[in-house]
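Got the viewer open? Let's take a walk through this one, stop by stop, with something to select at each.

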Amino acid sequence: MTSSPLPPQQAFAFVHLPGETVPVVCGRFEHRGHGRATIGLFTYGQSFLARTDAVPLDPIGLPLVEGTAPPTATLGGIHGALRDASPDAWGRRVIEYARGERAELTELEYLLSAGDDRTGALVFGVTPTAPMPAGHHHHAVSLPALLHAAELLEADGPVTPEAQHAAALLLQGVTMGGARPKAAIVDDDRMWLAKFPAKSDRVNLAAVEAGLLTLAQRCGLRVPAHRTVRVGGKPVLLVERFDRSGAPSAPLRARYLSGLTLMDAEEMPSRDWSYLRLAEELRRRSAAPDDDCRELFARATFNALVSNGDDHPRNHAIIAWGREDWRLSPLFDVVPTEPATSRERRLALIAGRYGRVATRANLVSEAAVFRVTPDEAHARIDAMQGILRVEWEDAMREHGASPADLAATRHAIVPAGFEDALAAG
């Protein structure tokens, strides 16, 4: 009888340094224990620490110091800066199909299986030699094949040769999180994330999300380039990757830390999930803290005004292209999530002294934390409301929304309960 191989217990981390297109080994990560008792240990390599161009993976959570960093039991025993380069629900499904088994893997196995095209600047391998690149991104002509592959895997059927082939097509970009089907592509010599429709969609979410990104831009927020295309008669949203620049064949990569990592929080909602805490972290880390705090206030306001209750910590991030130029990332993953029949809206993150309620009074209650005065907060809210009320239908039609899509979304935009009196929550 042959026994199953033991899962890996360690991985080597590689980072793309600022301005470089080839990763260098920076440290070793080790997993110890089992289940909830699992802890993670990370140690920078001596050769990396000796480099004059070395940068920390997380300037606060994993600073450039000798010796093993304090162990972590958060997020399955993987330090947040490393876990941000690991797949979430959709990426895990793709990896399981690609490996030919739907059994749940260890956190370290998922981390090692996600390939070289991850969110941010990290890569992982089982030896100190950098893994070979998996190849170029998919080009736009492959979108029909990618859409078909995504539909096949979303059906959640048995592992078949066809399903494994579909997973192989989708492996690029599997760490770009969430549960919805997606893939990394290249179009017009630029790098994009293609977001495909899900079988549970009741509206054209590609048009709705693209419309909201356009509206956010008109409201003065920073957003990635975005557009919708039709593939096989179905809508697909393309969002340009803000963690990449340069030629797709050898791109520069920005370092990336999610809001979950910044707050050292767990996946389940808690008091740690807070715009106020994110603002505190921006003041500690950002190269332009006042600007980023004000942008974060505007983002929380926009999410409240469009009923985006999926503004969880993984849908916020900071990125850095240079050694210390960490900045709040552009807005991403914004869709209405509250039922149209509900008057009260709630955010995923605490937004003020009254908790998560998505109201003007709650947003203004702690505006000073975001370097915003009450008068400035009211003025920003009023300006956003005016833009949304006048332009929301045109913005969504621009990206392909139908009358039915508009009808389903209407009550989510500047919801009636936004001006309600507050109850603590």
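## Start at helix 3

Select helix 3 and then bring up its surroundings: the cover over its buried residues includes helix 2 (80-83), helix 4 (107-112), helix 5, helix 6 and strand 6. Keep in mind that this is a predicted model. Now show the side chains that are hidden here: the buried residues of helix 3 are Trp90, Gly91, Arg92, Val94, Ile95, Glu96 and Tyr97. Charged residues are in that list too, namely Arg92 and Glu96. Step off the end of the helix and you land on Gly100, which follows helix 3 and has a positive phi, near 85 degrees.

## Over to helix 6

Next, select residues 161-170, which make up helix 6. Which of its residues are buried? Colour Ala163, Ala166, Ala167 and Leu170 and you have them. Look down the axis of helix 6: these buried residues fall within an arc of 100 degrees, so they line one face of the helix. A bit of helix geometry helps here: an α-helix has 3.6 residues a turn, so residues three or four places apart point the same way. Swing round to the other side of helix 6 and pick out Pro161 and His165, which are exposed. Back on the buried side, the cover includes helix 3, helix 5 (143-154) and strand 6 (182-187).

While you're in the area, click on Asp156, in the loop between helix 5 and helix 6. Its phi is near 60 degrees, a positive value in a residue other than glycine. Most residues other than glycine have a negative phi. Asp156 is partly exposed, with a relative accessible area of 40%.

## Into the core

Time to go inside. Select Val15, Leu57, Phe302, Phe370 and Leu388: of the 89 residues in the largest nonpolar core, these touch the most other members. Zoom in on Val15 and show what it touches beyond four places in sequence: Pro23, Val24, Cys26, Phe48, Leu57, Ala121, Leu122 and Arg255. There is also a second, separate core of 27 residues, with Leu105, Ala149, Leu153 and Ala167 among them. You've already met Ala167, one of the buried residues of helix 6.

## The largest pocket

Turn on a surface now and find the largest pocket, with a volume of about 980 Å³. To get to its middle, select Gly177, Gly178, Lys182, Asn315 and Asp333, the closest to the centre among the 41 lining residues. Which elements give two or more residues to the lining? Highlight helix 3 (89-99), strand 7 (190-195), helix 7 (205-218), strand 9 (234-240) and strand 12 (255-258). Helix 7 gives the largest share, three residues. Colour the lining by class and you'll get 16 nonpolar, nine polar and 16 charged residues.

## Last stop: Asp333 and Asn308

Stay with Asp333, which is found in the loop between strand 14 (327-328) and helix 11 (360-365). Asp333 has a positive phi too, near 55 degrees. Is Asp333 buried, exposed or partly exposed? With a relative accessible area of 24%, Asp333 is partly exposed.

Finish on Asn308, in the loop between helix 10 (289-305) and strand 13 (317-320). Asn308 is buried, at a relative accessible area of 1%. Show its contacts outside four places in sequence and you'll see Asn303, Asp333, Val334, Val335, Thr337 and Leu347.

Terms used
Residues are numbered from 1 along each chain as its sequence is written. This is a predicted model: local features need pLDDT of at least 70, side-chain atom pairs count only at pLDDT 80 or more; totals for chains, interfaces and linings use all residues. Side-chain values use heavy atoms; hydrogens and water are left out. A nonpolar core is a set of buried Ala, Val, Leu, Ile, Met, Phe, Trp, Tyr and Cys residues joined through side-chain atoms within 4.5 Å. Buried means under 20% relative accessible area, exposed over 50%, partly exposed in between (1.4 Å probe, protein chains only). Contact means heavy atoms within 4.5 Å. On a 1 Å grid over the protein atoms alone, a cavity is a set of points where a 1.4 Å probe fits but cannot get out, and a pocket is an open set with protein on both sides within 12 Å along at least five of seven lines; lining residues have an atom within 4 Å of a point. Grid points are joined across faces, edges and corners, and a volume is the space filled by probe spheres set on the points. Helices (H or I, at least four residues) and strands (E, at least two) are DSSP runs, numbered from the N terminus. The arc is that of the directions from the helix axis to the C-beta atoms.
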